[in-house]
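Trainee: Could you walk me through how the labels on a structure get earned? I'd like to see the reasoning, not just the names.

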Amino acid sequence: MEAIVLDYLDQLSDTFTEPRKRVFWGYLLLALGIGTIWLRWKLGQGWRRVIATTLSPGIWWSASARADYLLVLINKLLMILIAPALLTQTVLATWLFGFFFSQFGMPPSAGSLLPDWGVAAAFTLTLFLLDDFARYLVHRVMHEVPALWAFHKVHHSARSLTPLTVMRTHPVEGVLFTLRSALVQGVTIGSFLYLFGSQVDLVTVLGVNIAVFAFNVAGSNLRHSHVQLWYPKAVEHLLISPAQHQIHHSTTPRHFDKNFGAVLAIWDWLGGSLHLSEPGADIRFGIRERVEEGEHSLKRLYLTPFGESFGILKGSIAQLLPDRSL
Amino acid sequence: MKLKKIVSALAIASLSSIAVSAQAHEHGPVYADFPVTVKDYKGDAKHSVSYGGQMARHALHNSLKKLAGKGNGEANPELKAQMMAYFEGKEAGRAIIDPKTKGEFAVAQTEVDQLSKKKNLAGKAYKGAVTSWPGNMTAAEVLAFMIDKASAADKGYDPLNGLDYAQLISKFAMGAVFYNQAVDNYLDEKLEANIKPNGMAYKPGKPYTGKEHVWDEAFGYFGTPAHTMELSAKQVYAIAKQKGDAFDIADANNDGKVSLYTEMTYAHAYYAAGADKGGKTDYLHTITKAFIDGRQLLADAKGENLTDAQRAELKGYADVIKTNWEKVIAEAVFKYAGSTYKDLQKINTILEANGDLGDNFRKYSKHWGELKGFAMALQMGGKDLGETGVKLNRLVGYSPVLLGNTQVSGIDANGNYVQSASIDMEEYMLHMLKVQQLMVDQYGVKARSNDVLAGMGDLVEKLGAKAATSAEND
């Protein structure tokens with residue numbers, strides 16, 4: 001019990017003090033800086049408006065944001081309890097290494113295929129591409145499968161976006177995301193260890209995967225904010241801009257099911273779900289325009305998705321069964 | 001940041017006991033000079049610590065290992081008799097063949113009797129059947145069988161079967177005698193209330209109680225210097241290697257000689273130190289500290305029978321010792337499965353290129369011998385390892401996989417090895433990988449020398465092991 005409490009406090013503080021985390025204080029400050037520069041000097045807004053867009057209590061202490069904070073606190077604990085039961089990347093990588101060995105024989109001798117720097121670069125790039133694609137795919141599935149959308153709706157029910165909205169997630173999604181990471185990392189590590197042995201390394205900055213670092217330093221946190229920062233059209237075909245992700249959260253029907261990507265926009269481009277930013281458009285966030293009573297209650301956020309999802313599953317199973325009226 | 005501080009404060013408060021033991025590494029207690037507590041003791045002994053018999057057996061084991069590599073490839077009854085004298089003889093006058101004075105590293109004793117008289121290894125070897133070796137023999141019979149083979153082999157090595165007897169004999173004997181005696185006898189049934197009670201002398205006239213001596217004997221078998229808590233794992237390791245600069249470290253009482261009784265490193269203490277010097281584990285000090293704490297508890301009992309609570313506490317220390325000792329052996333299994341894997345990789349690469357094997361097959365046999373010896377030792381703790389034992393024995397086999405893809409499968413009526421077709425060397429590499437995995441899964445080994453999947457832990461760590469379990473959306 002004591003161990004769980006300590007682990008909980010530790011992980012909670014890690015969330016803000018650990019550069020591997022999206023909401024590391026340094027990244028938050030950088031995002032604030034980038035957002036301010038964008039609003040003040042690119043869009044020429046007055047200081048009062050700049051502060052209203054970035055730091056207003058109307059955003060940070062809204063009912064929606066307060067629900068985010070509560071979810072962060074509760075989910076952390078739930079995930080600590082659930083995580084030990086989940087498949088880990090280590091188990092998967094070990095299994096895969098053994099599988100390759102039994103299928104293709106002894107691994108190539110170390111250093112025979114690529115120089116060390118080449119292996120590290122290839123590993124880091126592969127991991128980034130695979131991870132980003134998996135994020136896109138799982139995200140898309142969460143939207144398109146009704147029984148899963150019931151859970152993902154929790155994230156989309158946010159009316160105001162703050163960087164912490166990234167953790168406004170139903171635990172069932174948390175489990176899926178954890179498995180997704182384990183799968184991507186397990187496959188990449190297992191394959192690279194088989195091919196390159198001890199040469200495998202990760203290219204890091206300040207101990208963080210260079211791709212993750214670059215993404216976060218570039219203001220990744222602005223995607224969950226009210227700062228509408230867009231990229232040139234050509235770039236928005238390659239990278240998802242904060243404004244594009246805000247479109248993903250929009251209540252306007254033509255924006256539904258667009259921009260599933262995390263870092264790269266190419267997956268959406270290839271998959272036909274890319275939607276470029278609309279500079280200056282008034283975008284409201286949420287699932288639908290109409291605000292409902294109790295949108296941010298814990299019951300709605302944690303329990304309702306199970307009921308909905310169960311109802312949908314029951315409906316689809318009933319359709320598969322022979323007509324009972326006969 | 002504030003949260004970090006709270007967390008650290010909580011951690012320090014709750015784990016203060018661990019902090020204390022960590023400090024002990026610097027100026028820790030010594031396993032010596034515990035007072036005489038026997039009630040009616042009349043003699044003039046000043047302290048009650050005694051484990052000379054165990055140290056004599058360490059000297060016998062070290063010497064036997066040296067002899068195992070002395071053969072010239074012909075049947076050699078003289079050598080065999082000499083080896084048997086160290087294994088099962090009890091005669092006076094046996095010289096200590098190892099450890100001997102080496103350069104600046106001067107040792108105090110030159111004869112086994114100076115440590116203890118009439119001691120042997122055979123009488124203390126595990127009495128049950130050894131399932132990890134063909135022939136349905138007891139541990140003493142397996143060792144005698146190996147001694148017979150070693151005496152007739154060239155420098156203790158049988159190239160036809162890939163067997164390195166110095167390694168096999170040494171590593172298995174450490175398990176069958178030292179480990180078994182300590183964890184299956186002294187730290188097991190001899191801790192029961194009605195056996196060797198603390199309320200009376202071990203034997204009439206002795207300056208130590210029953211339980212005090214039982215505890216000392218277990219400590220002796222571990223094989224670590226009495227002043228281990230004052231030393232680092234690296235230093236304890238260097239003492240066994242008898243390096244010149246290790247002399248001052250070893251000679252705790254500054255009498256100009258290293259006492260083979262109290263100042264030398266042997267057997268599993270050496271392997272514990274070897275695992276720990278990588279910095280990931282602390283088996284040596286954990287085990288030694290538990291021995292010292294247990295011994296202090298006995299001294300504090302002042303010659304009275306132990307209460308149930310005291311005995312429970314003592315058994316707690318014994319459990320720490322047993323668990324960690326087992327891990328030390330599992331780490332060695334892991335390590336040598338890794339070296340065997342690497343040797344096989346080298347051999348396969350050379351064979352594919354039609355190259356010359358050189359001494360690579362010899363190295364492979366040596367590492368396999370260490371692997372097998374430790375794997376056999378792991379099964380000597382007096383408990384049935386069940387499925388783990390079966391898996392381990394099947395994965396490793398009775399010999400390394402030989403060049404014609406054969407393996408020793410048994411022993412015939414004349415004591416000759418029988419070979420059968422087996423898997424190829426590549427598949428055997430996979431067995432080594434599985435052995436390592438088995439040690440991770442069953443014993444949670446942490447030092448992991450020669451990890452075939454080297455770097456996997458570091459990679460997962462770099463990617464942020466915990467990061468993956470956060471419920472971060474997109």
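What follows is a short chat about rings, charges and the contact between the chains.

Mentor: Keep in mind that this is a predicted model. Fire away.

Trainee: Why is the pair of A:F192 and A:F196 called tilted?

Mentor: Ring centres have to lie within 6.5 Å to pair, and planes under 30 degrees apart count as stacked while those over 60 count as edge-to-face. For A:F192 and A:F196 the centres are 5.5 Å apart and the planes sit at 40°, so the pair is tilted. The structure holds 39 aromatic pairs over all chains.

Trainee: Where do A:F192 and A:F196 lie, and are they buried or exposed?

Mentor: They sit in helix 9 (residues 171-196) of chain A, 4 residues apart, which is about one turn of the helix. Both rings' residues, A:F192 and A:F196, are buried. Over in chain B, one aromatic cluster includes B:Y31, B:W215 and B:W325.

Trainee: What makes B:K149 count as sitting over the ring of B:Y417?

Mentor: The distance part of the rule asks for NZ of Lys within 6 Å of the ring centre. The charged end of B:K149 is 4.9 Å from the centre of the B:Y417 ring. In chain A, A:R40 lies over the face of A:W41, 5.8 Å from the ring centre.

Trainee: How do you know that A:D201 and B:K462 form a salt bridge?

Mentor: The cut-off is 4 Å from a side-chain nitrogen of Lys or Arg to a carboxyl oxygen of Asp or Glu. The closest N and O atoms of A:D201 and B:K462 are 2.5 Å apart, so by that cut-off the label holds. Across the interface of chain A and chain B the rule finds 1 salt bridge, along with 7 residue pairs in polar contact.

Trainee: Why is A:D201 called partly exposed?

Mentor: Buried means under 20% and exposed means over 50%. A:D201 has a relative accessible area of 31%, so it is partly exposed. B:K462 comes in at 28%, so partly exposed fits there too.

Trainee: How big is the contact between chain A and chain B?

Mentor: The area buried between them is about 4,100 Å², with carbon and sulfur atoms giving 65% of that. On the chain A side, A:R20, A:F101 and A:M106 lose the most area to chain B, together 15% of what that side buries. The contact takes 58 residues from chain A and 36 residues from chain B.

Trainee: What makes the A:E295 and A:R159 pair a salt bridge, and which parts does the pair tie together?

Mentor: Their side chains meet at 2.5 Å, N to O, so they pass the 4 Å limit. A:E295 lies in the loop between helix 13 (266-271) and helix 14 (298-320) of chain A, and A:R159 in the loop between helix 8 and helix 9, so the pair ties together parts that are 136 residues apart in sequence. Both A:E295 and A:R159 are buried.

Trainee: And B:K366 with B:E370: how do you know that one is buried and the other partly exposed?

Mentor: Set them against the 20% cut-off for buried. B:E370 has a relative accessible area of 4%, so it is buried, while B:K366 is at 33% and counts as partly exposed. The two lie in helix 13 (residues 360-378) of chain B, 4 residues apart, and their side chains meet in a salt bridge at 3.3 Å, N to O.

Note on methods: Residues are numbered from 1 along each chain as its sequence is written. Chains are lettered from A and ligands numbered from 1 in the order in which they are written. This is a predicted model: local features need pLDDT of at least 70, side-chain atom pairs count only at pLDDT 80 or more; totals for chains, interfaces and linings use all residues. Side-chain values use heavy atoms; hydrogens and water are left out. Rings of Phe, Tyr and Trp (its six-membered ring) pair if their centres lie within 6.5 Å; planes under 30 degrees apart count as stacked, over 60 as edge-to-face and the rest as tilted. Buried means under 20% relative accessible area, exposed over 50%, partly exposed in between (1.4 Å probe, protein chains only). A charge sits over a ring if NZ of Lys or CZ of Arg is within 6 Å of the ring centre and within 35 degrees of the ring normal. Contact means heavy atoms within 4.5 Å. Buried area is the accessible area (1.4 Å probe) that two parts lose on being put together, summed over both. A polar contact is a pair of N or O atoms within 3.5 Å; within protein, one must be able to donate a hydrogen and the other to accept it, and residues adjacent in sequence count only if both atoms are side-chain atoms.
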